[in-house]
Amino acid sequence: MYRILVTRELPGNYVNEIKNKIDANILFYDNKINVHQWLIDNIEDADGILITLNEKIDKEIIDKARKLKVISTYSVGYDHIDVDYAKSKNVTVTNTPEVLTDATADLIFGIMITVSRRIIEGNEIIKNNQWESQWNPYYMLGSEIHGKTIGIIGMGRIGNAIAKRANGFDMKIIYYSKHRHDVNIDYVDLNYLLKNSDFVVIALDLNNETYHFMDYGKIKLMKNNSYLINGTRGKIINENDLIRALNEKIIEGAALDVFENEPLSHDNPLIKMKNVVLTPHLGSATLETRSKMAEVAVKNLLNVLNGNEPLYKL
Ligand code: DGY
């Protein structure tokens, strides 16, 4: 009988169906102690674990495992897992790309429009009963999307899906990434992208090379009427540098779905800035996408336990 640890309930019935497919004893995290400790306490005899991006799977946890065959993460990102170490111990690490690409690109595009057309400010004015002036030619002017230049940093699946949306909005699209991709989009160097984009959109994975990739020096190269948009991982932007740049009016605004530390601390200066739109890591947050992610994460886990190739592995 396999022993499987599951750290969160997931949408859909996929986790419950595991028992119909293999002989398994499933242990759910019960919130009684912190999850890291719970994993350490229970991983020794586990064959597989099904985790989310909240659970840091480090050497300490991996070293405790004696039978572990698979770490299935319910996420595309895997910066929370010591993948190299897991692989060195013959543990397969799987993730859930593709199924969340479109939802994430929709959200990123959405927050980009929201910040530049001041949708949240407008909404707040009405909801706070502050809409008192008549329609006025100069009232709450924002910045256009169509016809503007979007500079996408990173051209993986999500970068590509953002470009598709930008195309539909008649934007000029340029991109920079470490390697050139086989796409019909203008590849430019990073300085050119930063200096010429009206919207700089981060579409990178978080890893040692991309940690604090966007720092003060790079933000300073951006146009002063431009916006910085991020919906992949917060740690790719040096948040203090961004706050400084916003305070110094080096850029017009920012839209962020991800943060250096989540949840965002209540005294984070970004919260009070009117030219900054913030959402709480909602990129993949639709019932459809989250259910598909559960399906993929469970299939990955079962495939490895059954000795087959997972749908996606790292
Ligand atoms: C992921 O899967 O890595 C996302 O950040 C979750 O939305």
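Biologist: What makes the shell around the ligand three nonpolar, four polar and one charged residues by class?

Modeller: Happy to walk through it, bearing in mind that this is a predicted model. The residues around the ligand are Leu 53, Ser 75, Val 76, Gly 77, Leu 100, Arg 233, His 281 and Ser 284. Leu and Val count as nonpolar, Arg as charged, and Gly as polar, so the shell splits into three nonpolar, four polar and one charged.

Biologist: Why is the pair between the ligand and Arg 233 called a polar contact?

Modeller: A ligand oxygen lies 2.7 Å from an N or O atom in the Arg 233 side chain. The cut-off for such a pair is within 3.5 Å, so the pair qualifies. The backbone joins in too: polar backbone atoms of Val 76 and Gly 77 are 2.7 Å and 2.8 Å from a ligand oxygen, respectively. Of the 230 Å² of accessible area that the ligand has on its own, the protein covers 91%.

Biologist: Nice! Now the core: which residues have the most contacts inside the largest one?

Modeller: That core has 31 residues, and Ile 153, Met 214, Ile 219, Leu 228 and Leu 242 have the most contacts inside it. Helix α10 (239–247) is one of the elements giving two or more residues, and its four residues are the largest share.

Biologist: What does Ile 219 touch, leaving out residues up to four places away in sequence?

Modeller: Its partners are Met 214, Leu 228, Asp 241, Leu 242, Ala 245, Ile 250 and Ile 251. There is also a second, separate core of 27 residues, including Ile 111, Val 115, Ile 145 and Ala 255.

Key. Residues are numbered from 1 along each chain as its sequence is written. This is a predicted model: local features need pLDDT of at least 70, side-chain atom pairs count only at pLDDT 80 or more; totals for chains, interfaces and linings use all residues. Side-chain values use heavy atoms; hydrogens and water are left out. A residue is near a molecule or strand if one of its heavy atoms lies within 4 Å of it. A polar contact is a pair of N or O atoms within 3.5 Å; within protein, one must be able to donate a hydrogen and the other to accept it, and residues adjacent in sequence count only if both atoms are side-chain atoms. Accessible areas come from the Shrake-Rupley method with a 1.4 Å probe; for residues, only the protein chains shown count as cover. A nonpolar core is a set of buried Ala, Val, Leu, Ile, Met, Phe, Trp, Tyr and Cys residues joined through side-chain atoms within 4.5 Å. Buried means under 20% relative accessible area, exposed over 50%, partly exposed in between (1.4 Å probe, protein chains only). Contact means heavy atoms within 4.5 Å.
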